[in-house]
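Here is a friendly walk through one chain. Please keep the sequence and the model open side by side as you read.

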Amino acid sequence: MASGDRRGPQLRVPSGMGEPGETIIQTALRELHEETGVDDVVSAREVGVFHADTGLLSNLIGVVEIIVAEDRLVVGPELQSARWTPVAVLDAAVAAGQIRDGITLAAWALWTSARR
């Protein structure tokens, strides 16, 4: 997925903080719906977690693969735009250095390793 938030256009995945009592998958599904309006989910699986010690954030971050049944997006109030982007395009963007968000890159690396 490509999206733009308050910092301007950038390639990144939907993300957000968990609510008390939520599982990683529940958080991912809620955030996906809040940011894109998508709620017709075929499957969701936890890919793994990583530790993001950015100096400001030191929490564990969960990565969830979500397969959706629909391709429509309704941009939520947290984003300026959103669109589905093919995996090959995202692979090329990572290789070209066009994705610079560390958390997105770490999540992409974890997901890419898990799909092999």
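The buried residues of helix α3 (buried meaning under 20% relative accessible area, exposed over 50% and partly exposed in between, with a 1.4 Å probe and protein chains only) are T104, A107, W108, W111 and T112. Looking down the axis of α3, these residues fall within an arc of 130°, so they line one face of the helix; the arc is taken over the directions from the helix axis to the C-beta atoms. Helix α3 covers residues 102-114, and its 13 residues reach 18 Å from first C-alpha to last, close to the 18 Å expected at 1.5 Å a residue. The expected span is 1.5 Å times one less than the number of residues.

A word on the ground rules: this is a predicted model, in which local features need pLDDT of at least 70 and side-chain atom pairs count only at pLDDT 80 or more, while totals for chains, interfaces and linings use all residues. Residues are numbered from 1 along each chain as its sequence is written, and side-chain values use heavy atoms, with hydrogens and water left out.

Now for the wider fold. The chain has three helices and five strands, in the order β-β-α-β-β-β-α-α from the N terminus on. Helices (H or I, at least four residues) and strands (E, at least two) are DSSP runs, numbered from the N terminus. Of the 116 residues, 32% are buried. Among contacts (heavy atoms within 4.5 Å) with a separation of 6 or more, 54% join residues 24 or more positions apart.

What makes up the largest nonpolar core? Eleven residues do: V47, F50, A52, I61, V63, L90, A93, I99, A107, W108 and W111. Two or more residues each come from β3 (41-51), β4 (60-68), α2 (87-95) and α3, and α3 gives the largest share, three residues. Such a core is a set of buried Ala, Val, Leu, Ile, Met, Phe, Trp, Tyr and Cys residues joined through side-chain atoms within 4.5 Å. In soluble globular proteins, nonpolar side chains tend to be buried together. Leaving aside neighbours within four places in sequence, the core residue I61 is in contact with G48, V49, F50, A52 and I103.

Helix α1 also has 13 residues and reaches 18 Å from its first C-alpha to its last, close to the expected 18 Å. Its buried residues are T27, R30, E31, L32, E35 and T36, and they pack against β4. T36 belongs to this helix, residues 24-36, and has a relative accessible area of 0%. Just after α1, G37 takes a positive phi of about 80°.

The side chains of T36 and R100 make these polar contacts, pairs of N or O atoms within 3.5 Å; within protein, one atom must be able to donate a hydrogen and the other to accept it, and residues adjacent in sequence count only if both atoms are side-chain atoms.

| Side chain | Backbone atom | Distance |
|---|---|---|
| T36 | oxygen of L32 | 2.5 Å |
| T36 | nitrogen of V38 | 3.2 Å |
| R100 | oxygen of G97 | 3.4 Å |

R100 lies in the loop between α2 and α3. Is R100 buried or exposed? At 74% relative accessibility, R100 is exposed. Its C-alpha is 9.1 Å from that of R12, 88 residues away along the chain. D71 sits in the loop between β4 and β5 (81-83) and is exposed, with a relative accessible area of 64%. D71 and V38 are 33 residues apart in sequence and 8.4 Å apart in space, C-alpha to C-alpha.
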